[in-house]
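Here is a model to explore with a viewer open beside the text. Let us walk through it together, from the overall make-up down to single residues.

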Amino acid sequence: MRIQTITERTDGQEAAAESSRILASMMDLGETMLAAGGEAGRVEDTISRMGEAYGFRKVDVFTITSCIFTTAEDEKGVIRTQTRRVKHINTDMEKVRMCNELSRRICQEPPKPEELERMIEGLSETRTYSSRVTYLSYALIAGTMSVFFGGDLYDFVAAALVGPFIRYVFNTGKAAGIQNLAVYFLDAFFTGLLIYLLVRFRIGHSYDRIAMGNIMLLIPGTGLTTAVRDMINEDLITGLLGLSGALLQAAAIALGFVAAFTVFEH
Amino acid sequence: MEEVLQLVVVFVASLGFSVFFNVHGYRVLINSLGASLVWAVYLLVHGITEDIFISFLTATTVIALICEGLARITRTPTVLMIVPMIVPPLIPGSDLYNTFFNLIKNDMEQFSFYGIRLILEIAAINFGILLAGTLVKLFKYLILNHIAAIRSRYAGDRQQEGENRQHERR
């Protein structure tokens, strides 16, 4: 009799540990998604759907730009809350897509906790482009966008020279652990100086057009648009945070270019 | 001629942005074609109406509708296609920059000019995406539900027929 109760209890504890592990894995997936630039609404949706598939009675998810909170009640009525903090958002569409696909698979046929953990660990090894290709893409974007804004062939060449420089300064600033807005300010400042020199040495013709092509790499146009869309989708807090972040970043970049102007006017 | 150049430039720029956003495989090509299409629609509508808001709205709605369809075929979240397609031609990075640049330079006239443009453009892009989503939901609700209803009625009829036949047999 006594032995039975003990086994029952350990069974219950095991089950409890299992549902806790499942919740943690679900949160890992949500965290990966949010860090890769998935929208808050999508993260909430994904976690609660997976919770349903695993037979949780009730799953409440709240996500804002940098945090995920989930409270879940499992089949036995045990209530658990877990929190995740996402500090850096690095847009990676391939990863968001993989997360989405994985969560679909999980919902169709929920795997065992070990299997689930293994699947989610596999997400850290998604395809990325090599750093050489990334630098090349910066040159390509800057060059073509400066032509888009009305530049000629000289402007294309000059802008394409500056593009990789932007990425280099950005990475260096990040590696040095400089505050985010300061990195944007410094990046814009050095970019402004470099473009001025290029125009001075007649490699480029129009300062404005070269600058405009390169600004597309720095300015948070996508962030601003996404923030407004979040607000329209009634994720008001996420939207407001994104909006103020984007505006501050834009201000830092404009300040950097103004500082560069001030330097070569004197 | 200038328009053709712009379409080509947008296509190439979108290739770059696909690397920027880490998009792989055939989706890169879809994104580039989509970006060029966005700009083509924009140029067309802008040529007729000469209105930024309407041109942005139409271009975004058209591409968002196409993306909703593509997303269902390729099982990719819609936003992952819309963003890389809209970024090179429409996302108002230059206006955002000019707004703040003029604010810092204390040129209030230019600041309000670019600021209002920025707000209009962002509103148009988001309303376009919202409009496309709404149209798709309405379409599903009105037409697909009808089809389902007709089908189930048809199935019900057949079931009843079967039951009748059973009665007759008895």
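How many helices and strands does the secondary structure of chain B come to? The count is 6 helices and 0 strands, where helices (H or I, at least four residues) and strands (E, at least two) are DSSP runs, numbered from the N terminus. A word on conventions: residues are numbered from 1 along each chain as its sequence is written, while chains are lettered from A and ligands numbered from 1 in the order in which they are written. The model is a predicted one, in which local features need pLDDT of at least 70 and side-chain atom pairs count only at pLDDT 80 or more, whereas totals for chains, interfaces and linings use all residues.

Chain A mixes both kinds of element, with 10 helices and 3 strands. Read from the N terminus on, its elements run α-α-β-β-β-α-α-α-α-α-α-α-α. The radius of gyration of chain A is 24 Å, well over the 18 Å that the globule rule gives for 266 residues, so chain A is more spread out than a compact globule. Here the radius of gyration is taken over C-alpha atoms, and the globule rule is 2.2 Å times the number of residues to the power 0.38. Along its principal axes, the C-alpha trace of chain A spans about 90 × 35 × 35 Å.

For chain B, the radius of gyration is 23 Å, where a compact globule of 170 residues would have one near 15 Å. Its C-alpha trace spans about 95 × 35 × 30 Å along the principal axes. Buried residues make up 41% of chain B, and 41% of the residues of chain A count as buried too. A residue is buried if 20 or more other C-beta atoms lie within 10 Å of its own, exposed if 12 or fewer, and partly exposed in between, with C-beta atoms placed from the backbone.

Now turn to the sheet in chain A. Its 3 strands form an open sheet in the order S1-S2-S3, with antiparallel pairing; two strands pair if DSSP finds at least two bridges between them. The edge strands, each pairing on one side only, are S1 (58-64) and S3 (79-85) of chain A. On average, neighbouring strands of this sheet are turned by 10 degrees against each other, direction ignored. Such angles run from 0 to 180 degrees between N-to-C directions, and the axes are lines fitted to C-alpha atoms, for helices over the stretch in contact.

S1(A) and S2(A) pair over 7 bridges, and a hairpin joins them through 2 residues. On the other side, 7 bridges join S2 (residues 67-73) of chain A to S3(A). Ile68(A) is a handy residue to follow: Thr63(A) stands opposite it, and its bridge partner in S3(A) is Arg84(A). Further along, Glu73(A) has Ile79(A) as its bridge partner in S3(A). The hairpin of S2(A) and S3(A) has 5 residues between the strands, and there Gly77(A) takes a positive phi near 90 degrees.

Which way do the side chains point along S2(A)? In a regular strand the side chains alternate between the two faces of the sheet. In S2(A), Ile68(A), Thr70(A) and Ala72(A) point to one face and are buried, while Cys67(A), Phe69(A), Thr71(A) and Glu73(A) point to the other and are not. Helix H2 (residues 40-53) of chain A lies across S1 and S2 of chain A, running at about 160 degrees to S1(A).

Next, see how the chains meet. 40 residues of chain A are in contact with 35 residues of chain B, contact being C-beta atoms, placed from the backbone, within 7 Å. The largest share of the chain A side, 9 residues, comes from H5(A). By class, that side has 24 nonpolar, 9 polar and 7 charged residues. Ala, Val, Leu, Ile, Met, Phe, Trp, Tyr, Cys and Pro count as nonpolar, Asp, Glu, Lys and Arg as charged, and the others, Gly among them, as polar.

H5 of chain A also appears in what covers the buried residues of H1(B), together with helix H2 (26-49) and helix H4 (78-86) of chain B. Among those buried residues of H1(B) are Val9(B), Phe11(B) and Phe17(B). Just after H1(B), Asn22(B) takes a positive phi of about 60 degrees.

Key: Contact = placed C-beta atoms within 7 Å.
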